[in-house]
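Me: Please take me through this model, beginning with its charged pairs and then turning to packing and confidence.

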Amino acid sequence: MICSVIVFVENRLDERLDYRELESEIGFSAVHIRQVFARHTGMPLARYVRCRQIAHAAFDLIHTREKALDIGAKYSFPNPDSFTRAFRRVTGMTPQEFRNRRCAVGRIKLCAGVYGVGIIQEQECGMDESRASY
């Protein structure tokens, strides 16, 4: 079930998570899905979704010339301040600092057979391991 939830989330990072659709897709209630997900991953589902959005935003910051404002909006952040706060909470730096340092963003394993975009931890990037993990 966890891998199915991860795939569902990964395919919908640029839209608001629809729990009714998640229930239909997975076959369990949203409450049950959130409880099982948190128990098995050690992270609430909502936080996992935000971390995945930040990872994809980080990829866009490094690999495109899009404005940080537009990238934040693309991943459903309601305003630039909330995007900057969330980005800093996950990476330890602002989106602009991340872009300027050219931190590494690449492919990581999300679950068995599923890979996605992830921030690759580097000391020169200024990230500590506790921030980059999700």
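Me: How many salt bridges does the count come to?
Reply: This is a predicted model, in which local features need pLDDT of at least 70, side-chain atom pairs count only at pLDDT 80 or more, and totals for chains, interfaces and linings use all residues. Side-chain values use heavy atoms, with hydrogens and water left out, and residues are numbered from 1 along each chain as its sequence is written. With a salt bridge taken as a side-chain nitrogen of Lys or Arg within 4 Å of a carboxyl oxygen of Asp or Glu, the count comes to 3.

Me: Which residue forms a salt bridge with Glu10?
Reply: The side chain of Glu10, in helix 1, has its partner in helix 4, 42 residues apart, so that the pair links distant parts of the chain, where helices (H or I, at least four residues) and strands (E, at least two) are DSSP runs numbered from the N terminus. Both partners are buried, meaning under 20% relative accessible area, whereas exposed is over 50% and partly exposed lies in between (1.4 Å probe, protein chains only). The bridge spans 2.8 Å from N to O, and the partner is Arg52.

Me: Is Asp60, the partner of Lys74, buried or exposed?
Reply: The closest N and O atoms of Lys74 and Asp60 are 3.0 Å apart. Lys74 lies in helix 5 (residues 68-74) and Asp60 in helix 4, so the pair ties together parts that are 14 residues apart in sequence. Lys74 is partly exposed at 34% relative accessible area, while Asp60, at 6%, is buried.

Me: Against which elements do the buried residues of helix 1 pack?
Reply: In helix 1 (residues 2-10), the buried residues are Ile2, Val5, Ile6, Phe8, Val9 and Glu10. Taking contact as heavy atoms within 4.5 Å, these residues pack against helix 2 (19-26), helix 3 (30-41), helix 4 (45-63), strand 1 (105-111) and strand 2 (114-119).

Me: In which helix is confidence lowest?
Reply: On the pLDDT scale, the predictor's confidence in each residue from 0 to 100, the protein has a mean of 89, and 90% of its residues reach 70 or more. Over residues 126-134, however, pLDDT stays under 50, although the model has 26 contacts beyond four places in sequence for them. Where pLDDT is low, the predicted coordinates should not be read in detail. Confidence is highest in helix 3, at 96, and lowest, at a mean of 44, in helix 8 (residues 129-132).
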